[in-house]
Amino acid sequence: MSGPTVSLTGLCKTFGPVKAVTDVSFDVYPGEIFGLLGPNGAGKTTTIRVMLDIYRPDHGQIAVFGGRLDEGKKNRIGYLPEERGLYKDLKLEPTLVYLATLKGLDEATARKRLADWLQRFDLYDHRHKKVQDLSRGMQQKAQIIATLIHQPDLIVVDEPFLGLDPVNTRLVKTIIEEQRQAGRTIIMSTHQMYQVEALCNRIVLIDRGRSVLYGEVEQIKHDFAGNAVVVAGQGDFSQVPGALEARRENGTWHLALAPGVSSQDIFRALAARDDVKIERFEIAEPSLEDIFVSVVQGAGAGEAADA
Amino acid sequence: MRNIGLVLRHEIKTTLEKRSFWLTTFLFPLFIIASTVLPQLLARDTFQEPGLDTLLAAAQPQSAGYVDAAGVIAALPPGFPPELLRAYPDEASAQAALAAGEVGQYYLIPADFVATGDVVLVDSHFSAFTGLDGGTLMEYVLNYNLLGDLALARLLIDPTPSVTMQSIAPATQNSADPDDPFVFAVPFAVMFILFFAITMSAGFMLQSVVKEKENRTAEILLLSVRPRELMLGKVLGLGLVALLQLAIWMGGGWLALNQSGNVATALTDFTLPAGFAIWAVLYFLFGYILYASVLGALGALAPNVREGTQFTFLAILPLLVPIWLNTAFTQAPDGALATALSLFPLTAPTAMVTRLSISHVPLWQPVVSLAGLAGTTYLFVLLSGRFFRADTLLSDASLNWGRIVREVRGVRLHLTA
């Protein structure tokens, strides 16, 4: 694997008495979609702003494209901020051309690329309209065009699916996947956990300004797997030695294991039986949303208990 | 530099595309005319002190009567139109003539007039402001009969009938009549144009900054443009727009003066001093940059246009002072007050240019004043640049006195650190 596109180590940022970010670290590599997750007010936006040199950090190390983020490197970044907007009283086409030229494109190239993007997002016929006359979804698509038009190597998108209908959500997901396949680095912040599960390779979960969870999605889910297995097959799985509880869910059996019993013990026990036929056996994994809630709420409860 | 150029071009383009900009540009001259030339025109007609011959020529066609119980009026002065004063033997007949409308008023000259000097005026329509000219005419007739000398009687009414004014001030370029009120319209107009050109274009700066905060484009811009570049691009772009606006106003005014041979005759006689345009442009540019940087800083701190404009009046207050004290410039352009205001950097942009338009200002004064203005502008640009930061441009905190004081203190500490 090549070196990280973004590397944050021990990032700290305060605003007066408020500690927005106290200890955040993660690396993001080319060709991956990285999820930046956290509850509201956790410090995600501050982390992104510090990473993009909009704010200066109090402490910590930041490396983007292998070093300090200079003005030239900024043109290699596409950013869709959480609080976004366009010039409402200006027309769509000149607004996007202006933003593209600020990213280093010459006007002719910007116009040429813009025409393609507008057609792909079904906005071409609206290019002469004022931004304020476009629907919220159209404005969102225009924002995504402004983020991608200069073909950035690092794409930072904050809630990219906000305000989009299912068709356009699918289009944006396809585009994000295309960018990943093209070798670009994508950092995505969203509260839509099913989108994270569908798109992201790795995640970091920030809570109260700290990284509390970091790694590959599958590994995290595995680590948070409850002491249970999911079994599908023929026969009665309600009575399995070592299983405290067995319940049937959507055609599969969810077996809760007794303390000290491993999934291997259950598998061996089932394999020894002639009255059942195993078609699928897997460790029960919680959803990313369950993990998010349990980590955030668990941390909150822990702090309350300490207090 | 490229980004500054892009922001500059964007500001010019978006401002020139605004309908409000062109409405203001073309309606503003009408406002200037309404607020400067018209009042002067009215003032000339209303308050200009008339000479005796003017009074005789302009006397109301309706005659006045008199009852001379003292027997003073033996004859009317030579050249006095007899139909203006009609003699009546007694008050009853004068009263009847008044009731019949033969006369509009009549004078009663009592028998003891020579001892008391009292004359009674009876007018059909009482008004505190009517009959004053008629009183002067009666006084002229009485003086003539008492003195028996026409020249002396005229002198008593108008002691300085043929004064030739000769200025002992350093030679001015103006050949126009200094008593002509139109001449005073020029410095008024200059003052208004400078004031509005500076404050309007600086106001565009505030709106431009606050709108980018309001519509949330600031964060996208900050990833491409440094805050200082953003500020500089805006100041320069809107400055060029302001110069265009000024050129339209000045050029339009020049064309109007050349095309109009009636009302503007006096104005065309009014020649501005050599180099005036250069001084005006220099003072305008520095004045604009100074106030644009102040209003730009306000815009960087304000979360929306409404809160930003609440403090605009205070920010432009120094420019208003010369307008409030405009009589100091027309009556004594080289007096202590006008000189002090034209040397003080915050009031100099309007005050000095106004003085330059009406008086021959010693060269050292505009030079020193401009140097002070340039230095102050530089300091204000430095100071305002400190407010153009990511945390202020992305902040939603409301703008109030407490916050302004905290920010200024923070900036001062930063500057001294």
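**A walk through a predicted model**

At 33% relative accessibility, A:Glu282 counts as partly exposed, because that value falls between the limits for buried, under 20%, and exposed, over 50%. Keep in mind that the model you are looking at is predicted. To find this residue, look in strand β13 of chain A, which covers residues 277-283. Which residues does A:Glu282 touch, once those up to four places away in sequence are set aside? The answer is A:Val229 and A:Val230. Another residue to locate here is A:Ser263: 19 residues separate A:Ser263 from A:Glu282 in sequence, and their C-alpha atoms lie 8.5 Å apart in space.

Now stay in chain A and move to helix α5, residues 136-148, where A:Gln143 has its place. Is A:Gln143 buried or exposed? Its relative accessibility is 5%, so A:Gln143 counts as buried. Leaving out neighbours within four places in sequence, its contacts in chain A are A:Leu80, A:Arg84, A:Gly85 and A:Leu86. A:Gln143 is also in contact with B:Ile220, a residue of chain B.

That contact leads us over to chain B. Its secondary structure comprises 20 helices and 4 strands. Chain B has 417 residues, and 46% of them are buried. Among its contacts with a separation of 6 or more, 75% join residues 24 or more positions apart. The accessible surface of this chain is about 20700 Å², and carbon and sulfur atoms account for 65% of that area.

Within chain B, let us pause at helix α17, residues 348-358. This helix is mostly covered, with 11 of its 11 residues buried. The buried residues of α17(B) include B:Pro349, B:Val353, B:Leu356 and B:Ile358, and B:Thr350, B:Thr354 and B:Ser357 are also among them.

A partner for this helix is α16 of chain B, residues 336-343. Two packed helices are described by the angle between their axes and the distance between the axes. For α16(B) and α17(B), the angle is about 130° and the axes are 7 Å apart. The two helices are therefore oblique to each other, and α16(B) passes α17(B) in a left-handed crossing.

Where do they meet? From α16(B) come B:Ala338, B:Thr339, B:Leu341, B:Ser342 and B:Leu343, and from α17(B) come B:Ala348, B:Ala351, B:Met352 and B:Arg355. Sorted by class, this contact has 6 nonpolar, 2 polar and 1 charged residues. B:Arg355, one of the residues in this meeting, is also one of the buried residues of α17(B).

Terms used
Residues are numbered from 1 along each chain as its sequence is written. Chains are lettered from A and ligands numbered from 1 in the order in which they are written. This is a predicted model: local features need pLDDT of at least 70, side-chain atom pairs count only at pLDDT 80 or more; totals for chains, interfaces and linings use all residues. Side-chain values use heavy atoms; hydrogens and water are left out. Buried means under 20% relative accessible area, exposed over 50%, partly exposed in between (1.4 Å probe, protein chains only). Contact means heavy atoms within 4.5 Å. Accessible areas come from the Shrake-Rupley method with a 1.4 Å probe; for residues, only the protein chains shown count as cover. Axes are lines fitted to C-alpha atoms, for helices over the stretch in contact, and angles run from 0 to 180 degrees between N-to-C directions. Angles under 35 degrees count as roughly parallel, over 145 as roughly antiparallel, 65 to 115 as roughly perpendicular and the rest as oblique. A crossing is left-handed if the near helix is turned anticlockwise from the far one by less than a right angle, and right-handed if clockwise. Ala, Val, Leu, Ile, Met, Phe, Trp, Tyr, Cys and Pro count as nonpolar, Asp, Glu, Lys and Arg as charged, and the others, Gly among them, as polar.
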